[in-house]
Amino acid sequence: MILKALADYYDRLFHDDSADVPPYGFEDKGIPFVIIIGKDGRFLNIRDTRTGTGKQQSAREFRVPLGEKKTSGSKANLLWDNPQYVLGVPKSEKAKDVKKAKDDHKVFLARLHKDLDGMTDDGVSAVFRFYETGGIDGCRQHALLSDIMEHNSNITFALDDEVGLIAQRPNVVERIRAIYEEVNGRSCASAISGEIDEVAVLHAAIKGVWGAQTSGANIVSFNDEAYCSHGKTKKDQGLNAPIGKHNQFAYTTALNRLLASENQRMQVGDASTVFWAKNPCDFEQDFHSFLAPPKGEESVSYDKIRGLLSAVKTGIPPREADLPFYVLGLAPNASRIAIRFWYDGNVKEIKERVAQHFHDLELVRAPHDPEFLSLFQLLVSTATERKADNIPPNLGGDVARAVLTGIAYPRTLFANAIRRCKAEQSVGFARASIIKAFLVRNARISKSNQKEVSMALDKTYDNIGYVLGRLFAVLERIQYKAQGKQNKTIRDTYFGAAASSPLVTFRRLEQLSVHHLAKMRNSNKKTTWLEMLLDEVNGLLPKEGYPSILSLEDQGRFSVGYHHQRQDLFPTTETTEEGEEQ
């Protein structure tokens with residue numbers, strides 16, 4: 001299903017003139033250096049196509065014949081490759097490197113003759129003359145050779161009076177297309193399309209998955225007998241999953257294009273996530289704005305989210321409602337790629353589920369808190385030291401799956417949010433939103449009749465965890481009114497203990513509050529409104545008093561209750577009258 005959807009996406013792009021995807025038998029490749037030759041084969045120069053400086057330096061991309069999958073031995077690309085193949089220049093003076101360069105160069109020349117002999121094309125003739133007349137010596141003496149060797153850069157050929165490459169000349173393109181259509185191996189029905197085609201033994205590398213090998217990795221790969229079936233061995237490689245070479249080219253080209261895209265790719269934890277629709281639609285370009293807005297474009301994304309929420313209420317246009325939409329999350333796994341999650345639905349479903357996600361997260365906030373939280377902001381708020389590297393490996397995929405399918409948020413996210421609240425002795429808007437979303441979604445899914453936490457302060461909600469969270473916020477406020485701004489408040493000392501073991505902790509806090517209220521009276525400060533608020537919250541406590549411990553869910557409600565009460569105490573955009581910040 002996944003590979004079929006990707007192959008179909010390639011077909012969609014292939015028939016869209018504005019998409020400009022490589023046709024079968026070609027790929028877009030960064031080529032830093034181009035050897036310029038005359039029609040008589042004379043070496044003239046080496047053109048440097050790189051732009052930028054330092055680590056930002058990048059090579060210009062050219063459309064060239066599809067490269068070979070190089071695992072072991074020598075396999076040459078047609079009309080382009082690294083300097084060992086094209087020029088026979090070794091990486092070092094070591095005997096094994098010298099021999100390897102000679103062997104690779106012979107393979108490169110053999111590939112040229114095998115595929116291009118007999119062509120009547122000025123460019124191809126010039127390449128053959130280049131090697132026959134010793135033009136290669138000019139390249140080896142050129143000043144740019146050291147740069148080429150330092151990075152083992154790809155190089156190719158162009159005629160001096162043409163902008164394009166020799167590999168892009170019309171006659172050469174037609175020959176390459178014909179070569180690609182030749183059958184040189186076993187044929188059978190492709191597992192993707194069912195059409196008879198030559199089986200792709202090795203699949204093209206997938207590049208751009210965060211954390212995977214920079215040279216690329218594979219989704220379809222067999223390197224151990226345990227992965228094989230139907231009498232096949234690991235030596236049979238792709239024959240274990242008979243996918244036609246055209247389907248293989250289509251799905252790998254489409255996936256590599258998506259992973260290189262700015263608009264159809266986002267990072268969710270360790271999952272490199274791509275998305276696309278069966279047919280073009282605005283949602284395809286906007287989807288990343290809802291869950292992973294680019295830095296600096298949050299205000300634009302917020303407008304789009306508001307538009308999404310409004311559209312879901314008023315109704316999705318019929319032309320989009322049933323349009324298939326796909327989301328694929330990929331994670332590194334040694335030399336292969338793991339499927340972290342896969343969503344196969346339609347635009348209507350996913351719009352409704354994304355809108356439900358934001359509705360579940362909706363929580364009263366301070367003016368400096370973001371109106372909408374991205375997936376990264378949610379995940380990093382639960383990580384130690386708020387570092388992305390500390391996000392648990394599977395958590396990003398599990399959260400994305402919950403958003404896309406409407407299932408419960410992972411309990412790990414909920415537990416981590418509570419753990420960080422207690423460890424840092426503070427709640428924070430993102431963590432409070434996570435806890436609230438987890439609780440309300442679970443209640444909805446389980447069809448519970450019990451009342452659950454709301455978006456803002458609920459003075460009638462008598463859950464013990466929620467009430468104790470409110471009470472803690474009131475006691476903290478009393479301390480501030482009595483002592484002013486302190487380097488260390490009761491929150492810094494007692495928050496974690498109060499959320500876990502309230503019986504002992506709140507008895508101590510009660511004693512402190514008596515002292516703080518007395519100090520306010522002695523300083524002629526008004527205490528009436530605080531005492532009334534304290535009585536109001538205490539009135540919601542059960543007759544048996546404080547519990548000895550709170551369950552994990554009630555610890556979550558404690559954090560939400562604390563956040564709600566704090567926001568009710570500090571409702572303005574300004575700092576409080578004594579200078580206390582929210």
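Biologist: Which residue of β12 is the bridge partner of Gly-329, and what makes β11 and β12 a pair of strands?

Modeller: In this predicted model, the bridge partner of Gly-329 in β12 is Phe-341. Strand β11, residues 324-333, is joined to β12 by 10 bridges, and the two strands run antiparallel. Two strands count as paired once at least two bridges are found between them, and the 10 bridges of β11 and β12 therefore satisfy that condition. Another of the opposed positions is Phe-325, which stands opposite Gly-345 in β12. The hairpin of β11 and β12 has 2 residues between the strands, and Ala-334 takes a positive phi near 55 degrees there.

Biologist: What makes β9 and β12 the edges of their sheet?

Modeller: The sheet is open, with 4 strands in the order β9-β10-β11-β12 and antiparallel pairing. β9 (265-268) and β12 (336-346) each have a single partner strand, so one side of each is left without a neighbour in the sheet, and that is what places them at the edges. From one strand to the next the twist averages 25 degrees.

Biologist: Which helices pack on this sheet, and which strands do they touch?

Modeller: Helix α8, residues 245-259, touches β9, β10 (271-277) and β11, and its direction makes about 110 degrees with that of β10. Helix α14, residues 395-405, touches β9, β11 and β12, with a direction at about 10 degrees to that of β12.

Biologist: Why is β11 described as largely enclosed?

Modeller: A residue counts as buried when its relative accessible area is under 20%. In β11, 7 of the 10 residues are buried, so the strand is largely enclosed by the rest of the structure. On its pairing with β10, 6 bridges join the two strands, which run antiparallel, and Ala-277 stands opposite Phe-325 in β11.

Biologist: How do you know that Glu-284 is buried, and what does it touch?

Modeller: Glu-284 has 3% relative accessibility, and since the limit for a buried residue is under 20%, it counts as buried. Leaving aside neighbours within four places in sequence, Glu-284 is in contact with Tyr-9, Arg-12, Asn-263, Gln-264, Phe-275, Trp-276, Ala-277 and Phe-325. The C-alpha atoms of Glu-284 and Phe-325 are separated by 8.2 Å, although the two residues are 41 residues apart along the chain. Glu-284 is found in helix α9, where 7 of the 10 residues (282-291) are buried, so that the helix is largely enclosed by the rest of the structure. Along with Glu-284, the buried residues of α9 are Phe-283, Phe-287, His-288, Ser-289, Phe-290 and Leu-291.

Biologist: Why is Arg-411 called partly exposed?

Modeller: Its relative accessible area is 40%, and a residue that is neither under 20% nor over 50% falls in the partly exposed class; Arg-411 is therefore placed there. Arg-411 lies in helix α15, residues 411-424, and touches Phe-438, Leu-552 and Glu-553, not counting residues up to four places away in sequence.

Biologist: Why are α17 and α19 called roughly parallel?

Modeller: Helix α17 (residues 464-483) and helix α19 (residues 502-522) pack at an angle of about 30 degrees, with their axes 9 Å apart. Angles under 35 degrees count as roughly parallel, and the two helices are therefore described in that way. Their crossing is left-handed. The residues of α17 in the contact include Leu-468, Leu-471, Phe-472 and Leu-475, while those of α19 include Phe-506, Leu-509, Leu-517 and Met-520. By class, the contact has 11 nonpolar, 4 polar and 2 charged residues.

Biologist: At what angle do α3 and α4 pack, and which residues meet?

Modeller: Helix α3 (residues 95-116) and helix α4 (residues 122-132) pack at an angle of about 145 degrees, with their axes 12 Å apart, and their crossing is left-handed. His-105, Phe-108, Leu-109, Leu-112, His-113 and Leu-116 in α3 meet Val-124, Val-127, Phe-128 and Tyr-131 in α4. These residues divide into 8 nonpolar, 2 polar and no charged.

Biologist: What makes β4 largely enclosed, and how many bridges pair it with β1?

Modeller: In strand β4, residues 61-65, 4 of the 5 residues are buried, so the strand is largely enclosed by the rest of the structure. Strand β1, residues 26-30, pairs with β4 in the antiparallel sense over 5 bridges, and Gly-30 stands opposite Glu-61 in β4.

Terms used: Residues numbered from 1 in each chain as written. Predicted model: local features only at pLDDT ≥ 70, side-chain atom pairs only at ≥ 80, totals over all residues. Heavy atoms only, no water. Axes fitted to C-alpha atoms, helices over the stretch in contact; angles between N-to-C directions. Parallel < 35°, antiparallel > 145°, perpendicular 65-115°, else oblique. Left-handed = near helix turned anticlockwise from the far one by under 90°. Contact = heavy atoms within 4.5 Å. Nonpolar A, V, L, I, M, F, W, Y, C, P; charged D, E, K, R; others polar. Buried < 20%, exposed > 50% of the residue type's maximum accessible area, 1.4 Å probe, protein only.
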